[in-house]
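Here are two short exercises to work through with the model open in your viewer. Try each one before you read the solution.

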Amino acid sequence: MPTANGSGPSQELGGHWPEIPERSPCVAGVIPVIYYSILLGLGLPVNLLTTVALTRLATRTRKPSYYYLLALTASDIVTQVVIVFVGFLLQGAMLARQVPQAVVRSANILEFATNHASVWIAVLLTVDRYSALCHPLRHRAASSPGRTRRAIATVLGAALLTGIPFYWWLDVWRDADPPSILDEVLKWAHCFTVYFIPCGVFLVTNLAIVCRLRRKSQSGLRPRVGKSTAILLGVTTLFALLWAPRIFVMLYHLYVAPVHRDWRVHLALDVANMAAMLNTAVNFGLYCFVSKTFRATIREVVHDAHLPCTLGSRPGGTVVDPALKPPGLPKGAER
């Protein structure tokens, strides 16, 4: 392990960052590359399978919660392709960040837009569950597949628009200059948009849902925690836990020590990014753990995908007997 760098205040930077002469080494080595390769190799097929299953459930039931979960899974797929593959593996590992600045800045728009879309679709799911549990009559009268799709489209359009200012996001890995006012504004906007505001919504609505269920239990009624509510609590809790390290390290980089010069912050940001990207692959396990309907649909999808392969592997000329044969005519009946 490299030794800790000096921590004396820099006169050139006005005491904002410590003066450290060397560029911080990548202590993690190839571990992030291996981690993101496994995450992409396992998470992408799992999310595609989840998309097919949720599409079937949304088509059959026409419930808003399935549409929101489907949009959330689609956002996770785009996040894995744009951030994990293009950002971390292609730009970071394969090209060693030797990419034109305009390309990097343009990719920033897509990366932040996918982050915003994924988080705020979870906010839509939270508000929908709150409305269904705390205001059931109003929710039943107002909810419809068309309204749900319009809400999702609005969030996706807003996510793309809010990603545009991050074209000017500074690369924390390479930029040795102290953060400008614009950089501070963008980093605080990132923290509020993807963490502080959504987590505030999650906290308030989840507390209201829990209090509603507790009041039902105190009044003698047996509270029924639906699968959608259990999935909501799991999704929001996992997001809050997995994204907290990235937000903390980002603010630490901004005001205490830079990633570019301090190997400890460099390592912490590597680990924080890996934890945040894990959030794109864990929802499948949560859905399987909570919902028996989802597990049955997954088995159905796998069976339907396996059946053509089984039939296609039969030798040519083989005739498959039908499961039920029509009853034959008795002997002599044809006369």
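**Exercise 1.** In which helix is the place of arginine 246? Once you've got that, work out whether arginine 246 is buried or exposed, and find its contacts away from its own stretch of sequence.

*Solution.* Keep in mind that this is a predicted model.

Step 1: Go to residues 227-255, which form helix α7; arginine 246 sits there.

Step 2: Check the accessibility. The relative accessible area of arginine 246 is 12%, and the cut-off for buried is under 20%, so arginine 246 counts as buried.

Step 3: Skip residues up to four places away in sequence, and arginine 246 still touches His190, Leu269, Ala272, Asn273 and Ala276.

Step 4: Look at the side chains. That of arginine 246 has a polar contact with that of histidine 190, at 3.4 Å.

Step 5: Now try the backbone. Alanine 268 is 22 residues from arginine 246 along the chain, yet their C-alpha atoms are 8.4 Å apart.

**Exercise 2.** How many cavities of 30 Å³ or more does a search of the whole structure find? Then describe what lines the second largest cavity.

*Solution.*

Step 1: The search turns up 4 such cavities.

Step 2: Pick the second largest cavity, with about 80 Å³ of space.

Step 3: List its lining: Leu72, Asp76, Ser118, Val119, Ala122, Phe202, Val235, Thr236, Phe239, Asn279 and Asn283.

Step 4: Sort that lining by type, and you get 6 nonpolar, 4 polar and 1 charged.

Step 5: Trace the lining back to helices: α2 (64-94), α3 (101-134) and α7 each give at least two residues. Helix α7 is also where arginine 246 from the first exercise sits.

Notes. Residues are numbered from 1 along each chain as its sequence is written. This is a predicted model: local features need pLDDT of at least 70, side-chain atom pairs count only at pLDDT 80 or more; totals for chains, interfaces and linings use all residues. Side-chain values use heavy atoms; hydrogens and water are left out. Helices (H or I, at least four residues) and strands (E, at least two) are DSSP runs, numbered from the N terminus. Buried means under 20% relative accessible area, exposed over 50%, partly exposed in between (1.4 Å probe, protein chains only). Contact means heavy atoms within 4.5 Å. A polar contact is a pair of N or O atoms within 3.5 Å; within protein, one must be able to donate a hydrogen and the other to accept it, and residues adjacent in sequence count only if both atoms are side-chain atoms. On a 1 Å grid over the protein atoms alone, a cavity is a set of points where a 1.4 Å probe fits but cannot get out, and a pocket is an open set with protein on both sides within 12 Å along at least five of seven lines; lining residues have an atom within 4 Å of a point. Grid points are joined across faces, edges and corners, and a volume is the space filled by probe spheres set on the points. Ala, Val, Leu, Ile, Met, Phe, Trp, Tyr, Cys and Pro count as nonpolar, Asp, Glu, Lys and Arg as charged, and the others, Gly among them, as polar.
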